[in-house]
Protein chains: 2
Amino acid sequence: MDKQQLIDCHERIKPFIHNTPVLTSHLMDEMAGAQLFFKCENFQRMGAFKMRGAANAIMQLTEGQKRNGVVTHSSGNFAQALSLAAQSLGVKAHIVMPKNAPQVKKDAVRGYGGIIVECEPTLQAREHESKQIEEKYGATFIHPSNDDAVILGQGTAGKELLELHPDLDYVITPVGGGGLIAGTALAVAYFGKNCKTIGGEPFEVDDAYRSLLSGTIEGNTTINTTADGLKTQLGDRNFPIIQKHVERIIRVTEEEIVSAMRLIWERLKIVCEPSSAVALAAILREKEAFKNQKLGVIISGGNVDLDHLPFQKNF
Amino acid sequence: MDKQQLIDCHERIKPFIHNTPVLTSHLMDEMAGAQLFFKCENFQRMGAFKMRGAANAIMQLTEGQKRNGVVTHSSGNFAQALSLAAQSLGVKAHIVMPKNAPQVKKDAVRGYGGIIVECEPTLQAREHESKQIEEKYGATFIHPSNDDAVILGQGTAGKELLELHPDLDYVITPVGGGGLIAGTALAVAYFGKNCKTIGGEPFEVDDAYRSLLSGTIEGNTTINTTADGLKTQLGDRNFPIIQKHVERIIRVTEEEIVSAMRLIWERLKIVCEPSSAVALAAILREKEAFKNQKLGVIISGGNVDLDHLPFQKNF
C-alpha cells in the first residue's frame, strides 16, 4: 500500500468522518517531560477511529457487493463502526455478536442500523455464523483489523495528525488487532520527517511484542486486561507492515493503564477508553527515552460504560 | 460596560487564555430537535471559564496594586483561577478557604501558586479573614462574580462562540453567582444577531429565577444541589445586566442535571461538571421552545472528583 493509496483513501472517506481535534496540555507536558499532541479519535463518529477503516472498506466494494451487504463478527467498536458506515452508504451490515454481549453494545449497533445475529460466545460459533451469512446473502466479510482497506482507513488519523504537526518525533498508538498501528506506521512512513511509530500494549496481552521478537504471529494465552479493545491478535495483512515500520512496542501494567486513563480524564477533560490510555502509559513508563521530544498520541476511542470505570473505588 | 470594553478585555486576556473549541454532535442535535454548539470551557486553563474573569481583573489593577497582591474567598474554581492568573502575571494571590475544603481543591490552588489561608467554614469567617489580608498586605479583594472586570472577562467565552457561529438564536449558560450569564448576555447583546441569552438554574438554588420575578436580589434558603458551582447568589453588579439582557431562566430538577451530565460524557466524550450540565438540562426540559433553533451552550467547567460522580450507582 503506497503513499498515493493512503491519500486516495483519505479523500474517499472524508465526507463520512470527522477530522478530529488535537488537544495539548501544559500540565501533561510537564508530567511527561515532552510535548504531547493528543489526536482525539474518541470524538470520531461512533466514538472511535474504527469508523475510518469501516468506511474505506465498504467504499472499496463493487456496486454488486454493496447490494449484497457486509458482515463482520465483533462485539466492540468495529461492530458499531461497520453499522454506521454501512448506514451512511446505504448498505446492509450484518453483525455477528455473542449472545452474552452487553445490552448497551447491542443497542448501539442497532441504533446505527446494524442487523444483529446472535451466536454462542466462542470464536468457532462466530466464524461459522459469519460464513452462513456470507453464503445466504452473498455478503462480503470485513475483518476489523486484518484487511488492507481497513488498515489504510485507520492510517488517515495519523495522516491528519502529521498534516497539523509535521515535525513530530514519534507517534504512539495502542496495539490490539494491529489495524491502527499498521495504518499509522504507513502514515508516519509517508508523511513524517524522521518520525517513528511506537506501540503501547498491556503486559497481559503482549502478543504483538512477542510477535516482533519471534518474527511470527503469536497468540495470547490470557486476556486479563482492562483494555478490552486490545484483546484481539495480529493478522497476516498487518503484521508485515508492523515488522517493517514500527520501531518497538512498550508493554505496560494494568495499574499504569488505569492511572494514565485517569490522567487523561482529569487533565485533558475528555472521556477515553482504557485501551486509549495504553499509549500514554507507555510514554510515562519510558519517560527518559522520550525526553523533550514531540509525541503524537492517538486517543483511539471513548466508548466506555460509565457505570463501570476502572478507577472507581467501588468497581 | 460597552462593546469596546468587551473587545479591549478580550485582546488584553488573549495571551493568558485558550480560545476553547466548539463541539457538535448529530446525536445530541437529534435528541434536542435543535442544533447545539457546545463551547468547551472545561478545556480552558485550570478547567473552567473563571480563568477569563480572573485574568482580566488582575490585569486591570495598577502596578502598585499588583505589587500588593490579590485576595479572594472561594473553595471552588475561582480560587484556582485567581491563583493561576496571578501566577501567570507575577502577582501574589491569597485564597481564603474553609478548613474543611476538600484536600484535592487545596492541592489544586497550591499547584497554581495560590497562598491558602484557612478559616472556619462560615461566610462571616471568610469575609473577616479576607479583610485581614486586605489590611495586612494592602491586597486587592476580587469577587468571584460580582465585579465588572470579572463579568467582562467571563463574557469573552460568548464572544468567541459568536465569532465562530454568528447566527446563533440563543446562548444558554448555567447561573450561579451571575458573572458568567451577565458577561455572556453582554457578548450576545453586542455580537449576536437577534440572539438571546437564557439561563439554566437548579430548582434547589433558584435565586436568580426568583430575583428576576421579584425585581430584587433574592437569596437561597437551601443549597441542596449536585451542581455545586451554582450555590452562590447574584450581586448588585451583575443583577442589573441580567435584568436588562437575559430573556429568562429555566429551572431544572436534580435528576435532569445528572441525566444531562451523563449525556454530555457519553455523547460528546468530554468531562464536565454537574453545573455545566444545567444548561443542556434546561434545553431538554423545554425542547418545544427551542425546536430547530441554533443554540450555543456554555460548558462552564470540567473539574470533578472522579471518585464521586453523581451518576455512579454506588455514589
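Start with the largest nonpolar core of this predicted model. It holds 83 residues, and four of them touch the most other members: A:Ile264, A:Trp265, B:Ile264 and B:Trp265. Select those four and show their side chains. Then colour helix H12 of chain A, because that helix gives this core its largest share, eight residues.

Keep A:Ile264 selected and zoom in. What is A:Ile264 in contact with, once its neighbours within four places in sequence are left aside? You should find A:Met28, A:Lys269, A:Ile270, A:Cys272, A:Ala277, A:Leu280 and A:Ile299 around it.

**Where the chains meet**

Now give the two chains separate colours and turn to the place where they touch. On each side, 23 residues take part: 23 of chain A are in contact with 23 of chain B. Together they bury an area of about 2100 Å², and carbon and sulfur atoms give 56% of that. Which three residues should you pick out on the chain A side? Go for A:Lys269, A:Leu306 and A:Asp307, which supply 33% of the area that chain A buries against chain B, more than any other three residues. You have already met A:Lys269, as one of the contacts of A:Ile264.

Stay on A:Asp307 and add B:Arg262 to the selection. The side chains of this pair meet in a salt bridge, 3.0 Å from N to O. Across the whole interface there are two salt bridges, and eight residue pairs are in polar contact. Helix H12 of chain A, residues 254-268, turns up again here: with four residues, this helix gives the most to the side that touches chain B. If you colour that side by class, you get 11 nonpolar, six polar and six charged residues.

**Over to chain B: a histidine in the first helix**

Next, select B:His10, which sits in helix H1, residues 3-13 of chain B. Is B:His10 buried or exposed? With a relative accessibility of 0%, B:His10 counts as buried. To see what surrounds it, show B:Ile17, B:Thr156, B:Lys159, B:Glu160 and B:Glu163; B:His10 touches each of these, not counting residues up to four places away in sequence.

**A lysine in helix H14**

Move along chain B to helix H14, residues 287-290, where you will find B:Lys287. This lysine is partly exposed, at 37% relative accessible area. Leaving out residues up to four places away in sequence, B:Lys287 touches B:Met31 and B:Ala32. For a sense of distance, add B:Tyr170 as well: B:Lys287 and B:Tyr170 are 117 residues apart in sequence and 13 Å apart in space, C-alpha to C-alpha.

**Two asparagines to finish**

From H14, step into the loop that leads to strand E10 (294-299) of chain B, and select B:Asn292 there. What is unusual to look for in its backbone? B:Asn292 has a positive phi of about 60° although it is not a glycine. At 64% relative accessibility, B:Asn292 counts as exposed, since the cut-off for that is over 50%.

The last stop is B:Asn194, in the loop between helix H9 (179-191) and strand E8 (196-202) of chain B. Here too phi is positive, about 55°, in a residue that is not a glycine. Show the surface and you should be able to pick out B:Asn194, which is exposed with a relative accessible area of 71%.

Technical notes. Residues are numbered from 1 along each chain as its sequence is written. Chains are lettered from A and ligands numbered from 1 in the order in which they are written. This is a predicted model: local features need pLDDT of at least 70, side-chain atom pairs count only at pLDDT 80 or more; totals for chains, interfaces and linings use all residues. Side-chain values use heavy atoms; hydrogens and water are left out. Contact means heavy atoms within 4.5 Å. Buried area is the accessible area (1.4 Å probe) that two parts lose on being put together, summed over both. A salt bridge is a side-chain nitrogen of Lys or Arg within 4 Å of a carboxyl oxygen of Asp or Glu. A polar contact is a pair of N or O atoms within 3.5 Å; within protein, one must be able to donate a hydrogen and the other to accept it, and residues adjacent in sequence count only if both atoms are side-chain atoms. Ala, Val, Leu, Ile, Met, Phe, Trp, Tyr, Cys and Pro count as nonpolar, Asp, Glu, Lys and Arg as charged, and the others, Gly among them, as polar. Buried means under 20% relative accessible area, exposed over 50%, partly exposed in between (1.4 Å probe, protein chains only). A nonpolar core is a set of buried Ala, Val, Leu, Ile, Met, Phe, Trp, Tyr and Cys residues joined through side-chain atoms within 4.5 Å.
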